[in-house]
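Me: Please take a close look at one part of this structure. Lead up to it from the overall layout, and explain each term as you use it.

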Amino acid sequence: MKKFESPDYFQVDDLLSEEEKMIRQSIRDWVDEEVMPIIEEYYQKGEFPMHLVPQMGEMGLFGANLPEEYGCAGVNNVAYGLMMQELERGDSGIRSFASVQGALVMYPIFEYGSEEQKKYWLPKLASGEKIGCFGLTEPDYGSNPGGMVTKAVKDGNSYILNGAKMWITNGTIADVAVVWAKLDGEVRGFLVEKGTPGYEAPEIKGKHSLRASVTSELVFQDCRIPAENILPKAKGLKAPLSCLTQARYGIAWGAIGSAMATYDEALDYAKTRIQFDKPIASFQLVQNKLVYMITEITKMQTLTLQLGRLKDQGKLRFTQVSMAKRNNVYHALQIARMARDILGANGITSEYQSMRHMNNLESVYTYEGTHDIHTLIVGEDITGIPAYY
Amino acid sequence: MNIAVCMKQTPDTEAQIKIADDGTHIQTDGIKWIINPYDEFAIEEALRITEKHGGEVTLISLGPASVEKTIREGLAMGAHKAIRIDAPESPADPQVVGAALAEVLKEGNYDLILFGKQAIDDDQSQVPSIVATLLDLPAVAVVVKLDIEDGKATALREIEGGHEKVTFSQPAVVSAQRGLNEPRYRSLKGIMAAKKKPIEVKQINLKENQLSVEKLSYPPEKKPGRIVGEGPDAVPELVRLLHEEAKVI
Ligand SMILES: Cc1cc2nc3c(=O)[nH]c(=O)nc-3n(C[C@H](O)[C@H](O)[C@H](O)COP(=O)(O)OP(=O)(O)OC[C@H]3O[C@@H](n4cnc5c(N)ncnc54)[C@H](O)[C@@H]3O)c2cc1C
């Protein structure tokens, strides 16, 4: 398989440091050599390639933008974003794994955990020795997580959890779950370890999307956890929402990688597939699609790089992240659909990757705040009028 | 164990090479530069040896400031420090390169000097032997396995039709062949650490080039393929052509 080269129509690379480019290249090489040869097979089987976890840990891909003192790489947010771009160029499931581990498990422990929790968990999660998951969504509360019914009750030196979480990435394979539940009516975060009596995490099967990623249900029935497993500094819904901002930031970058993969495939195919004695790339309708793709990719690249620079300067607003996630995933999905179309019948097979990306992006469009919920977030920001209910 | 690895920056193996207008250089715009792949095996081997026995790995490269980008890549793999011998461009004459490297290597007191067996750009394969000769050290070329135990060094060399096992004293000059190891990915931590590692720049007087490039030319265009027939019936004709025309069987 040929080595991947990313499109760069506006010389956006000139705005990256040598170090940022080196990080991108290193992950690109890893994806070319370790992910591309196996990913279709795992996707077809509906399994996550677990053997990649130690390698990702060794490369420092988990919680890469968190500080070195906890075993993390301490890279800036642009490098972190480029890493997500490269991972999702391989598969959204691989990027999802890194997003959950870093932004939804390590970040809350780092931001809201006690010093003991940070010292114990962060190095193990950074190396991939331990896997985490994040349980916010419930069967009846998706876009409206504030309505959650999972409850925690204090009982002596423990908390007792009751309730269920749904659609939880990595749930079944996680050693630790960051679980959000109401304690006296206030949303709090708890660390629940695998094997705790009263905690089960069955896998959700039969997915058409993100097949190379584990999605699970988390069930808590009088699940008793030690009192020190509460995240002391996480109080209220804004705590889990702040984690989502971190993860959405990575998704905005990831979507670019997916779009680059499908554009690259469609462009190559269009130049070599002959119909009516000409490459299909010579037809205006096909060119129109290809031009849409590269234009949107270029817009995403510039938008998202500025988003990253703002994050590194501490100026980022969560509504900007919403705009980027909304825009990038939407266009990545349109690009994947067009690529699938350009590939004709070949586009529906596992010989090509566009349909895998397309199917994956249907999940990415919905999770971490649906497309429409992000519309409402930006809408409220610019009008001052909330339109959720 | 202190190890020096001499490395060269070369165009990526997949780069489209175009000849520059002067006819003696290649066009460098838009080319992606990498560590010469054989040198990457040498760096990886040096890292494995020092991880086992302790010591430091020093990278040495000859060229302008622009080669520091690939030197940093070697530092990101885990090498401890680097020396860049300043030169306006990589000299065409291997004698000039060898003499410059030998002069710097002499000062370093290295237990082992590693090279790639050749640079993939001009394919001269001369520099390791020139350095070994100038420093009066054993030269062990095209190595696919290297064992260093308490000052005793053993190497497996690739030779025509087989392998040769050799023992040698140290210090020595060893050049790496594909198969010696699988170079590691640069980890994010390694890349972050590389930023802080020192690259010392040395100014020395380079010898005069005795060899200059007169002209570069492209290889002849490949002839288009030919279909000699279909199915089992085509086999005799194919065998005949492979034997008589292509002379490969
Ligand atoms: C593969 C996958 C992995 C996931 N991983 C995780 C995880 O690790 N952790 C976790 O906590 N969750 C996870 N989720 C859950 C995900 O975040 C939710 O699915 C998402 O928030 C949407 O919730 P829902 O599915 O209940 O849809 P709903 O909220 O029921 O939405 C259904 C539709 O209604 C629309 N809608 C809802 N409210 C409004 C409104 N006010 N105005 C207009 N339209 C509205 C939505 O936009 C959507 O189109 C995952 C989901 C998937 C598919």
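Reply: In this predicted model, chain A is divided into domain 1 (12-127), domain 2 (132-235) and domain 3 (239-383), with bounds from an automatic or database domain assignment. Residues are numbered from 1 along each chain as its sequence is written, and chains are lettered from A and ligands numbered from 1 in the order in which they are written. Because the model is predicted, local features need pLDDT of at least 70 and side-chain atom pairs count only at pLDDT 80 or more, while totals for chains, interfaces and linings use all residues.

The C-alpha centres of domains 2 and 3 of chain A are 30 Å apart. Their contact involves 12 residues of domain 2 of chain A and 9 residues of domain 3 of chain A; two residues are in contact if their C-beta atoms, placed from the backbone, lie within 7 Å. On the domain 2 side, β5 (186-193) and β8 (230-235) of chain A each give two or more residues. Helices (H or I, at least four residues) and strands (E, at least two) are DSSP runs, numbered from the N terminus.

Between the chains, 16 residues of chain A meet 13 residues of chain B. On the chain A side, α1 (18-35) and α3 (52-59) of chain A give two or more residues each, and α1(A) has the largest share, 7 residues.

Now to the part for the close look, a sheet in chain B. This open sheet has 9 strands, in the order β9-β8-β7-β10-β6-β1-β4-β5-β11 (chain B), with mixed pairing; two strands pair if DSSP finds at least two bridges between them. At its edges are β9 (162-168) and β11 (199-202) of chain B, each paired on one side only. On average, neighbouring strands are turned by 30° against each other, direction ignored.

Strand β10 (residues 173-176) of chain B has partners on both sides in that order. With β7 (residues 139-149) of chain B, β10(B) runs parallel, joined by 3 bridges; here B:V143 stands opposite B:A176. With β6(B), the pairing is also parallel, over 4 bridges, and B:A176 is the bridge partner of B:G116.

In a regular strand the side chains alternate between the two faces of the sheet. In β10(B), B:V173 and B:S175 point one way, B:V174 and B:A176 the other way, and all are buried, that is, 20 or more other C-beta atoms lie within 10 Å of their own (exposed is 12 or fewer, partly exposed in between; C-beta atoms are placed from the backbone).

Two helices of chain B pack on the sheet. Helix α1 (residues 37-53) of chain B touches β1 (2-6), β4 (56-63), β6 (112-116), β7 and β10 of chain B, at about 150° to the direction of β6(B). Helix α3 (residues 94-106) of chain B touches β1, β4, β5 (81-86), β6 and β11 of chain B, and makes about 145° with β4(B). Axes are lines fitted to C-alpha atoms, for helices over the stretch in contact, and angles run from 0 to 180 degrees between N-to-C directions.
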